[in-house]
Amino acid sequence: MGDTGSMGLGVLLAVVAFLTNSVLILPIVGFVFLLEAVSTIIQLISKRFFKKKVFLSAPLHHHLEALGWPEAKVTMRFWIIAAVTSLIGVIVYFLG
């Protein structure tokens, strides 16, 4: 998909969250995106201040691939996590 497609999907997700007044649920629904961003931030801070790497490579999916996980396995795990957290987000939205 690349950067352009993922940016478009991220903006669409944010716009829907603003239109439905569910901005606080957005980190739950977009947990995989949040996890990827936080792993990169942790890596940058760690390298800058402590001169050590936390992950073999950032973002997290590259770290898992560097550990030897096949790309298909990483993708499927992230899909499952995204589906579960999205379902949790929808449940929280309807209960709230």
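The protein exposes about 7100 Å² of surface, and carbon and sulfur atoms supply 74% of that area; accessible areas here come from the Shrake-Rupley method with a 1.4 Å probe, and for residues only the protein chains shown count as cover. The model is a predicted one, in which local features need pLDDT of at least 70 and side-chain atom pairs count only at pLDDT 80 or more, while totals for chains, interfaces and linings use all residues. Residues are numbered from 1 along each chain as its sequence is written, and side-chain values use heavy atoms, with hydrogens and water left out.

**The whole chain**

Begin by showing the protein as a cartoon, where the secondary structure comes to five helices and zero strands, in the order α-α-α-α-α along the sequence. Helices (H or I, at least four residues) and strands (E, at least two) are DSSP runs, numbered from the N terminus. Taken along the principal axes, the C-alpha atoms fill a box of roughly 45 × 30 × 25 Å. Of the 96 residues, 19% count as buried, where buried means under 20% relative accessible area, exposed over 50%, and partly exposed in between (1.4 Å probe, protein chains only).

**Helix 1 and the loop after it**

Select Val16, which belongs to helix 1 and counts as partly exposed, because its relative accessibility is 42%. If you then draw a distance from Val16 to Val74, the C-alpha atoms are 27 Å apart in space, and the two residues are 58 apart in sequence. Move next to Asn21, in the loop between helix 1 (2-19) and helix 2 (26-29). Asn21 is not a glycine, although it has a positive phi of about 55°, and with a relative accessible area of 71% it is exposed.

**Inside helix 3**

Now select Ser39, which sits in helix 3 (residues 31-50). Is Ser39 buried or exposed? Ser39 is buried, because its relative accessible area is 3%. Apart from residues up to four places away in sequence, Ser39 touches Phe55, Ala58, Pro59 and Leu60, where contact means heavy atoms within 4.5 Å. Look also for the polar atom of the Ser39 side chain that lies 3.0 Å from the backbone nitrogen of Leu60. This is a polar contact, that is, a pair of N or O atoms within 3.5 Å; within protein, one must be able to donate a hydrogen and the other to accept it, and residues adjacent in sequence count only if both atoms are side-chain atoms.

Step along to Thr40, also placed in helix 3, which counts as partly exposed at 28% relative accessibility. A polar atom of the Thr40 side chain lies 3.2 Å from the backbone oxygen of Glu36. Leaving aside neighbours within four places in sequence, Thr40 is in contact with Ala58 and Pro59. From Thr40 to Leu60 the distance is 7.4 Å, C-alpha to C-alpha, although these residues are 20 apart in sequence.

**The loop between helix 3 and helix 4**

Which residue in this loop has a phi near 60°? Select Lys51, where phi has this positive value in a residue other than glycine; Lys51 is found in the loop between helix 3 and helix 4 and is exposed, with a relative accessible area of 67%. Pro59 lies in the loop between helix 3 and helix 4, and the peptide bond from Ala58 to Pro59 is cis, with omega near 0°.

**The core**

Next, select Val32, Phe55, Leu60, Leu64, Val74 and Phe78 together, since these six residues form the largest nonpolar core, a set of buried Ala, Val, Leu, Ile, Met, Phe, Trp, Tyr and Cys residues joined through side-chain atoms within 4.5 Å. Helix 4 (60-66) and helix 5 (71-95) are the elements that give two or more residues to this core. Within the core, centre the view on Phe55, which, leaving aside neighbours within four places in sequence, is in contact with Ser39, Ile42, Gln43, Leu60 and His63.

**The surface patch**

Finally, follow Phe55 to its contact Ile42, which is found in helix 3 and is partly exposed at 37% relative accessibility. Add Phe31, Leu34, Val38, Val54 and Ile81 to the selection, and with Ile42 they make a nonpolar surface patch of about 440 Å². Patches are made of residues with over 30% relative accessible area and no salt bridge, with like charges joined within 9 Å and nonpolar side chains (Val, Leu, Ile, Met, Phe, Trp, Tyr) within 5 Å; a salt bridge is a side-chain nitrogen of Lys or Arg within 4 Å of a carboxyl oxygen of Asp or Glu. Helix 3 provides the largest share of the patch, four residues.
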